[in-house]
Amino acid sequence: MTEEPNDPAERHREWRLAGIICFALISLIVLWCTWMIIRPFLDAIILGAVLVTITFPTYRRVRAKLHGRESLAALIMTIGILLLIILPAVVLGILLVQQANGLIANFENGMAQQLLSRVNIPSHLMWIQRFVPTFDPASVSPERLLLPVVREIPGWVARNGTAIVGSVAGVALTFAMILLSAFFFFVEGEAIIAELAMLSPLPSRYDHEFGEKFKSVVDATFRGHVFTAIAQGIVTGIGLAIVGVPAAIFWGFVAAVLSMLPMVGAAVVWVPAAVYLFISASMGDRSYFGAIFLTIWGLTSVSLVDNVIRTWTMRGNAHLPAIPLLIAVVGGMQAFGFIGLVIGPLVFSLLMSVIDIYKRSFGIQHSESEVA
């Protein structure tokens with residue numbers, strides 16, 4: 001075994017310029033190879049880290065009750081995450097498939113066609129031809145816009161059945177990697193953070209600030225946006241089920257997904273449903289009670305969930321203003337996929353931290369704006 005020289009001057013001579021360059025090249029090659037290895041599993045690793053960040057206080061309590069047995073506590077937490085996610089996901093998936101099939105059947109049957117044909121939108125748009133002679137009002141009729149798309153859905157599913165099955169298998173593999181990553185981060189998370197702090201060239205107070213910003217953004221994104229979106233989807237689905245809208249569970253799920261996007265929300269689902277109910281009532285197919293009830297329900301209950309739960313869950317967490325948050329979420333999802341829901345706001349928040357550290361380090365006065 002080669003002994004390292006004790007003399008600092010001799011150690012310095014070992015690291016001549018050629019040695020530094022060689023070490024840098026080896027490091028870059030190793031880092032590149034490491035990146036190529038973990039890149040297919042990067043989403044799973046990030047999601048595992050996010051789940052651990054959210055549930056780590058619970059893990060500490062479990063570990064304390066088990067007298068410091070880290071692996072057993074991590075196993076219990078991982079099994080808990082598995083049961084908490086996979087069981088509701090399986091039940092919801094079965095319900096969504098059933099409701100989606102029923103929705104397609106409703107659109108394909110004669111009743112849906114008859115209702116759409118009675119919505120005479122082109123007759124109300126004839127006045128546009130006085131200003132745009134080439135405009136054809138019939139081109140915006142519901143029969144032309146909706147029914148061809150709906151009729152293509154069964155054929156698309158049949159043509160892409162193999163790809164769909166493969167996607168399900170890929171999701172299962174990704175979920176397994178998420179659980180493995182979560183187990184690893186439960187056991188080694190504190191050691192990894194301590195190692196990163198030791199290797200970081202930044203002052204310790206800035207390392208701590210970046211760590212707190214990461215935790216705050218993760219909490220704000222998941223507790224604030226995901227939990228609020230789930231609550232809005234449930235409340236929207238309940239309202240749709242009360243008034244008898246077909247596939248209420250399916251549309252509630254759609255509302256939950258859309259609620260994750262800032263400035264979009266569940267209104268994209270319940271407002272068209274209320275319009276549908278008003279049109280159906282005006283044709284004598286049902287009473288106006290459903291339309292009025294759903295409108296009031298959406299303006300009160302769904303909005304109340306957004307204002308109350310989001311404010312409560314994001315209490316004490318740093319979060320971005322609405323427009324930068326919208327850009328961060330949409331741009332992050334476009335760049336990184338679903339995981340961009342977290343990465344986008346995280347990058348923007350870390351950018352704000354970098355700007356703030358720069359201001360403090362160089363004595364620049366803070367701006368009074370909300371962003372800076």
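A residue is called buried here when its relative accessible area is under 20%, exposed when that value is over 50%, and partly exposed in between. With that in hand, let us walk through this predicted model, starting from one arginine. R63 has a relative accessibility of 14%, so it counts as buried.

Before staying with that arginine, it helps to step back and take in the whole chain. The protein has 14 helices and zero strands, so if you follow the sequence from start to end you meet one α element after another, in the pattern α-α-α-α-α-α-α-α-α-α-α-α-α-α. Of its 372 residues, 31% are buried. The surface that the protein exposes comes to about 23400 Å², and carbon and sulfur atoms supply 71% of that area. Contacts also reach across the sequence: among those with a separation of 6 or more, 65% are between residues 24 or more positions apart.

Now back to R63. You will find this arginine in helix 3, which covers residues 42-65. Setting aside residues up to four places away in sequence, R63 touches G68, R69, E70, A73 and E190. Two of the names in that list, E70 and E190, deserve a second look, and both are salt-bridge partners of R63.

Take E190 to begin with. Its side chain meets that of R63 in a salt bridge, with an N to O distance of 3.0 Å. This pair ties together distant parts of the chain, since R63 sits in helix 3 and E190 in helix 8, 127 residues apart. The other partner, E70, also forms a salt bridge with R63 through its side chain, at 3.8 Å from N to O. E70 has 32% relative accessibility and therefore counts as partly exposed.

E190 has a further arginine to deal with. The side chains of E190 and R60 form a salt bridge at 3.5 Å, again N to O. Here too the link spans distant parts of the chain, from E190 in helix 8 to R60 in helix 3, with their positions 130 residues apart. How exposed are these two partners? E190 has a relative accessibility of 32%, so it is partly exposed, and R60, with a relative accessible area of 45%, is partly exposed as well.

How many salt bridges does the count come to? The total is three. Through the partners they share, R60, R63, E70 and E190 are joined into one network. Within that network, R63 is the buried arginine at 14% relative accessible area, while R60 is partly exposed.

Helix 3 has another part to play, in a pocket. The second largest pocket has a volume of about 1300 Å³. It is lined by 31 residues, and the closest to its centre are T53, I193, L196, G211 and F214. Which helices contribute to the lining? Helix 3, helix 8 (161-199), helix 9 (204-243) and helix 14 (340-361) each supply at least two residues. Helix 3 gives the most, with 10 residues. As for chemical character, the lining has 21 nonpolar, five polar and five charged residues.

Two threonines make good further stops. The first stop is T78, in helix 4, which runs over residues 70-108. T78 is buried, because its relative accessible area is 9% and the cut-off for buried is under 20%. Which residues does T78 contact once its neighbours within four places in sequence are left aside? They are L179, F183 and F186.

The other stop is T295, in helix 12 (residues 289-313). Is T295 buried or partly exposed? At 23% relative accessibility, T295 counts as partly exposed, because the range for that label begins where buried, at under 20%, leaves off. Beyond its neighbours within four places in sequence, T295 is in contact with W270, A274 and F278. You can also check its position against V271: the C-alpha atoms of T295 and V271 are separated by 7.3 Å, although the two residues are 24 apart along the chain.

To retrace the route on screen, begin at R63 in helix 3, follow its salt bridge to E190, and carry on from E190 to R60. From there, turn to the second largest pocket, where helix 3 gives the most residues to the lining. Finish with T78 in helix 4 and T295 in helix 12.

Methods. Residues numbered from 1 in each chain as written. Predicted model: local features only at pLDDT ≥ 70, side-chain atom pairs only at ≥ 80, totals over all residues. Heavy atoms only, no water. Helix = DSSP H or I, 4+ residues; strand = E, 2+ residues; numbered from the N terminus. Buried < 20%, exposed > 50% of the residue type's maximum accessible area, 1.4 Å probe, protein only. Contact = heavy atoms within 4.5 Å. Areas by Shrake-Rupley, 256 points an atom, 1.4 Å probe, with all protein chains shown as cover. 1 Å grid on protein atoms, 1.4 Å probe; cavity = no way out; pocket = protein on both sides within 12 Å on 5 of 7 lines; lining within 4 Å. Points joined across faces, edges and corners; volume = space filled by probe spheres on them. Nonpolar A, V, L, I, M, F, W, Y, C, P; charged D, E, K, R; others polar. Salt bridge = Lys/Arg side-chain N within 4 Å of Asp/Glu carboxyl O.
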